[in-house]
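The exercises below are to be worked with the sequence and the coordinates at hand. Each task is followed by a solution in steps.

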Amino acid sequence: MTINMNSSFPDGDTLNKEQNTTHQMRREARIRDILIDCLGCNEEDITPEKHLVDDLYADSVALIDMVIMISEKFKIEMTEKDFMHINTVKDLYRWTENHFQ
């Protein structure tokens, strides 16, 4: 009788992809929480394609609050200059993801 020990366990690449996906989902959830706090919007209003200013009505004070909260929650430095290149929720997800790789 031969037992294939690998059949019930994911390989290293699969495990890393699953961990990365889980971490990404957690980051996105934390970003949504920040947007809800700063903008007063509902979670269902926050989708990747939404423009922070045009669709979610972020004003300059809310944008500064987001920069501060993201910097504090993720322990990464996000400046207002960084934020100038972020227009959509997806841009914000991508920016944080790039700073964790």
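The exercises move from the overall fold to salt bridges and then to one loop residue.

**Exercise 1. The chain as a whole**

Determine how many helices and strands the protein chain has, and what share of its residues is buried.

Solution. The model is a predicted one. Step one is the count of elements: the protein chain holds four helices and zero strands. Read from the N terminus, the order is α-α-α-α. Step two is burial: 29% of the 101 residues of the protein chain count as buried. Step three is the surface, where the accessible area of the protein chain is about 7,200 Å² and carbon and sulfur atoms account for 50% of that area. A final step concerns contacts in the protein chain between residues at least 6 apart in sequence: 54% of these join residues at least 24 apart.

**Exercise 2. The salt bridges**

State how many salt bridges a search of the whole structure finds, and describe each pair.

Solution. The search yields two salt bridges. In one of them, the side chain of R32 meets that of E43, at 3.3 Å from N to O. R32 belongs to helix α1 (12-39), whereas E43 sits in the loop between α1 and α2 (60-74), so this pair ties together parts that are 11 residues apart in sequence. The burial of the partners is checked next. R32 has a relative accessible area of 18% and is therefore buried, because the cut-off for buried is under 20%. E43, at 46% relative accessibility, is partly exposed.

The other pair is R94 and D91, whose closest N and O atoms are 3.9 Å apart. This distance qualifies because the limit for a salt bridge is within 4 Å. Both residues lie in helix α4, three residues apart, and so are separated by about one helical turn. R94 is partly exposed, with 41% relative accessibility.

**Exercise 3. The surroundings of T88**

Is T88 buried or exposed, and which residues is T88 in contact with, leaving aside its neighbours within four places in sequence?

Solution. First, locate the residue: T88 is in the loop between α3 (80-83) and α4 (89-98). Second, compare its relative accessible area of 18% with the cut-off; T88 is buried, because 18% falls under 20%. Third, list the contacts: with neighbours within four places in sequence set aside, T88 touches P48, E49, K50, H51 and L52. Fourth, look for polar atoms: a polar atom of the T88 side chain lies 3.1 Å from the backbone nitrogen of D91. D91 thus links this exercise to the preceding one, where its salt bridge with R94 was described.

Definitions and conventions. Residues numbered from 1 in each chain as written. Predicted model: local features only at pLDDT ≥ 70, side-chain atom pairs only at ≥ 80, totals over all residues. Heavy atoms only, no water. Helix = DSSP H or I, 4+ residues; strand = E, 2+ residues; numbered from the N terminus. Buried < 20%, exposed > 50% of the residue type's maximum accessible area, 1.4 Å probe, protein only. Polar contact = N/O pair within 3.5 Å; in protein donor to acceptor, adjacent residues only side chain to side chain. Contact = heavy atoms within 4.5 Å. Areas by Shrake-Rupley, 256 points an atom, 1.4 Å probe, with all protein chains shown as cover.
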